[in-house]
Amino acid sequence: MPLKISVLADRPDLLDAFHAMPSPWPEFMRHDPMSYLYYSMTDDFADYILVCQDETGAVVAQAFSIPFLLGDDELPDDGWDGAIRRGVRTRVAGDVPDTVSAIEIAIDPSRQGTGLSAEILGALRDNAARHGFDELVAPVRPNGKTDAEQPMSVYAGLTRSDGLPVDPWLRVHVRAGGVIDKVAPRSMVVPGTLTEWRAWTGLPFDTTGPVLVPKALTPVRCVVEHDSAVYVEPNVWIRHSTR
């Protein structure tokens, strides 16, 4: 059955169910400081957030985006963080945005692998068009990347025999008409104390150097003498025409 997809601004009655949907993300990714900023302002961007229900009315997916002023600049190297930072600054300053970026498509873990992602991506693109934008951009997290040491610039360029990307999430975007623009080398930055990282991952974080964390796309850099570890994740910018 197709999803019923609504703009969150039109369905405040679904807000509790929306926030109660289980998160599919690893715990450490929930502690990017920019995520605290954006997700505390969902009311401000509710016209750019989608809530997706199945045939029973249950909320099974969410899609987030944010408009911002880019001007003549290239898509930013700070990707996901940069889109949020620019979006909040644009809103606070009262500027007119000229770009809209996807922030997240989250699917209830029980419904992953059922083909919902392409439908939701299309709805996010259609919503950008409804607001008058010529394209939707997205700092995509290639979640099929399993070798943390492999450069993202190499992984993002890997293709199958049919010419489509090896990575499943990049493949969804390209099949939907998206065009890979560039790598965002510091798209998400997650700093924390060693105590915090131990709580987020269950790993000891007791040795200075790179730490391989499950579901992390690059190693986490640990400095024991500074009681600090930082994860810097590269993403891949993709452009989708809305015309």
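Ala63 touches Tyr48, Ile49, Leu50, Glu104, Ile105, Ile120 and Leu124, leaving out residues up to four places away in sequence. In this predicted model, Ala63 belongs to strand β3. Its relative accessibility is 0%, and because buried means under 20% relative accessible area, Ala63 counts as buried. One of its partners, Ile49, is 14 residues away from Ala63 in sequence, while the two C-alpha atoms are 5.7 Å apart in space.

Two of the residues that touch Ala63, Ile120 and Leu124, lead to helix α4. This helix covers residues 116-130. Both Ile120 and Leu124 are buried there, and the buried residues of α4 also include Leu116, Ser117, Leu121, Gly122, Ala123, Arg125, Asn127 and Ala128. The length of the helix can be checked by simple reasoning: at 1.5 Å a residue, its 15 residues should span 21 Å, and the end C-alpha atoms are indeed 21 Å apart, so expectation and model agree. After α4 comes Gly132, which has a positive phi near 95°.

Helix α3 invites a similar check. It too is described by 15 residues, and from its first C-alpha to its last it reaches 21 Å, close to the 21 Å expected at 1.5 Å a residue. Its buried residues are Gly79, Trp80, Asp81, Gly82, Ala83, Ile84, Gly87, Val88 and Thr90. Against which elements do the buried residues of α3 pack? They pack against helix α2 (33-39) and against the strands β3, β4, β5 (135-140), β6 (179-192) and β9 (228-241). Just after α3, Gly94 adopts a positive phi of about 75°.

The loop between β3 (59-68) and α3 (79-93) contains Asp78. Is Asp78 buried or exposed? At 8% relative accessibility, Asp78 counts as buried. Apart from residues up to four places away in sequence, Asp78 touches Arg85, Arg86, Arg186 and Ser187.

Strand β4 (residues 99-107) holds Ser101. With 0% relative accessibility, Ser101 counts as buried. Setting aside neighbours within four places in sequence, Ser101 is in contact with Phe64, Ser65, Ile66, Phe68, Ala83, Leu136, Val137, Ala138, Pro139 and Trp237. Among these contacts, Ala83 is one of the buried residues of α3.

Val154 offers a contrasting case. This residue is placed in helix α5 (residues 152-155). Its relative accessible area is 41%, so Val154 is partly exposed. Val154 and Ala46 are separated by 108 residues in sequence and by 36 Å in space, from C-alpha to C-alpha.

The chain can now be considered as a whole. It contains 7 helices and 9 strands. A compact globule of 243 residues would have a radius of gyration near 18 Å, and the protein chain has 18 Å, so its value agrees with that expectation. Along the principal axes, the C-alpha atoms fill a box of roughly 50 × 45 × 40 Å. Of the 243 residues, 50% count as buried. Among contacts with a separation of 6 or more, 71% involve residues 24 or more positions apart.

The surface and the charges complete the description. The protein chain exposes about 11,500 Å², of which carbon and sulfur atoms supply 52%. There are 22 positive and 34 negative charges, and their mean positions lie 3 Å apart.

Technical notes:
Residues are numbered from 1 along each chain as its sequence is written. This is a predicted model: local features need pLDDT of at least 70, side-chain atom pairs count only at pLDDT 80 or more; totals for chains, interfaces and linings use all residues. Side-chain values use heavy atoms; hydrogens and water are left out. Helices (H or I, at least four residues) and strands (E, at least two) are DSSP runs, numbered from the N terminus. The radius of gyration is taken over C-alpha atoms; the globule rule is 2.2 Å times the number of residues to the power 0.38. Buried means under 20% relative accessible area, exposed over 50%, partly exposed in between (1.4 Å probe, protein chains only). Contact means heavy atoms within 4.5 Å. Accessible areas come from the Shrake-Rupley method with a 1.4 Å probe; for residues, only the protein chains shown count as cover. Lys and Arg count as positive and Asp and Glu as negative; His and the chain ends are not counted. The place of a charge is taken as NZ of Lys, CZ of Arg, CG of Asp or CD of Glu. The expected span of a helix is 1.5 Å times one less than its number of residues.
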